[in-house]
Amino acid sequence: MGSLDQLYQQVILDHARERHGAGDPHRHAATSHQVNPTCGDEVTLGVTLEDGALASLDWDGDGCSISRASLSMLTDLAVGKSVEEVGALYGAMEAMMHSRNLGVDDEVLDRLGDAAALESTSQFANRVKCALLGWYALRDAIAKSGYDISATSGTTEQGEPR
């Protein structure tokens, strides 16, 4: 395993253990419960929006290290951002995870910060669902608050930033 692969593996393991954002999702104005039927991972994620921004987020769930790490990374990336910025992050994550590890624009990877470590998992269809589970819960919870972040997702169908 190369040094970059080892670094990415360590970032994923660190986030899976640290679980940024883990807490009581039911204290929020909107929640979403999502299940990955392929592996049994599940998450309940709650959000509170204020003035068009993601003011706070908590999640609770059980799953593999990839789904837990992705949720932790999502928390670090999205909290405090405007709904439009969260939409751009969501679009970048979805584009990367559907790239089949064939590469995405560096700007997409830069936008995703630590979550870019999940790029290599995009070559495994069953792991894509693990990495996106929390992001789909985020999209649904924000939709319940009246915003559609999939419509403002900041990337074209080819995964390039708008």
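# A guided tour of the helices

Select α2 to begin: 11 of its 14 residues are buried, so this helix is largely enclosed by the rest of the structure. The model on the screen is predicted. A residue is called buried here when its relative accessible area is under 20%.

**Stop 1: helix α2**

Keep α2 selected and colour its buried residues, which are Ile 66, Ser 67, Ala 69, Ser 70, Leu 71, Ser 72, Met 73, Leu 74, Thr 75, Leu 77 and Ala 78. From its first C-alpha to its last, α2 reaches 20 Å, and this is close to the 20 Å expected for its 14 residues at 1.5 Å a residue. Move just past the end of α2 to Gly 80, where phi is positive, at about 90 degrees.

**Stop 2: where α2 meets α5**

Now add α5 to the selection. At what angle do the axes of α2 and α5 cross? They cross at roughly 40 degrees and come within 8 Å. The crossing is right-handed. On the α2 side, the contact is made by Ile 66, Ser 67, Ser 70, Leu 71, Leu 74 and Leu 77. On the α5 side, Arg 127, Cys 130, Ala 131, Gly 134, Trp 135 and Leu 138 take part.

**Stop 3: helix α5**

Hide α2 and display residues 125-144, which form helix α5. Its 20 residues should span 28 Å at 1.5 Å a residue, and because the end C-alpha atoms are 28 Å apart, the model agrees with that expectation. Where is the kink in α5 centred? Select Leu 132: the kink is centred there and amounts to about 45 degrees. Leu 132 is also buried, as are Val 128, Cys 130, Ala 131, Leu 133, Gly 134, Trp 135, Ala 137, Leu 138, Ala 141 and Ile 142 of this helix.

To see what covers these buried residues, display the strands β1 (30-35), β2 (42-50) and β3 (53-62), together with α2 (65-78) and α3 (83-97), which are included in the cover. Just after α5, select Gly 146, which takes a positive phi of about 100 degrees.

**Stop 4: helix α3**

Next, select α3. Of its 15 residues, 12 are buried, and the helix is mostly covered. Among the buried residues are Val 83, Val 86, Leu 89, Tyr 90, Met 93, Met 96 and Met 97. Which elements do the buried residues of α3 pack against? They pack against β2, β3, α2, α4 and α5. The 15 residues of α3 should span 21 Å at 1.5 Å a residue, and the end C-alpha atoms are indeed 21 Å apart.

Within α3, pick Ala 95. Is Ala 95 buried or exposed? Its relative accessibility is 18%, so Ala 95 counts as buried. Draw a distance from the C-alpha of Ala 95 to that of Glu 119: these residues are 24 residues apart along the chain, and their C-alpha atoms are separated by 9.9 Å.

**Stop 5: Arg 111 in helix α4**

Select residues 106-112, which make up helix α4, and find Arg 111 within them. Arg 111 has a relative accessible area of 27%, and is therefore partly exposed. Draw a second distance, from Arg 111 to Gly 61: the two are 50 residues apart in sequence, and 26 Å apart from C-alpha to C-alpha.

**Stop 6: the annotated region**

Finally, select residues 8-130, which an unreviewed UniProt entry annotates as "domain: NIF system FeS cluster assembly NifU N-terminal". Over residues 8-130, the chain is 43% helix and 20% strand. The C-alpha atoms at the two ends of this stretch are 17 Å apart.

Key. Residues are numbered from 1 along each chain as its sequence is written. This is a predicted model: local features need pLDDT of at least 70, side-chain atom pairs count only at pLDDT 80 or more; totals for chains, interfaces and linings use all residues. Side-chain values use heavy atoms; hydrogens and water are left out. UniProt positions are given in the numbering used here, feature names are shortened, and annotations may be inferred rather than shown by experiment. Helices (H or I, at least four residues) and strands (E, at least two) are DSSP runs, numbered from the N terminus. The expected span of a helix is 1.5 Å times one less than its number of residues. The bend at a residue is the angle between axes fitted to the seven residues ending there and the seven starting there. Buried means under 20% relative accessible area, exposed over 50%, partly exposed in between (1.4 Å probe, protein chains only). Contact means heavy atoms within 4.5 Å. Axes are lines fitted to C-alpha atoms, for helices over the stretch in contact, and angles run from 0 to 180 degrees between N-to-C directions. A crossing is left-handed if the near helix is turned anticlockwise from the far one by less than a right angle, and right-handed if clockwise.
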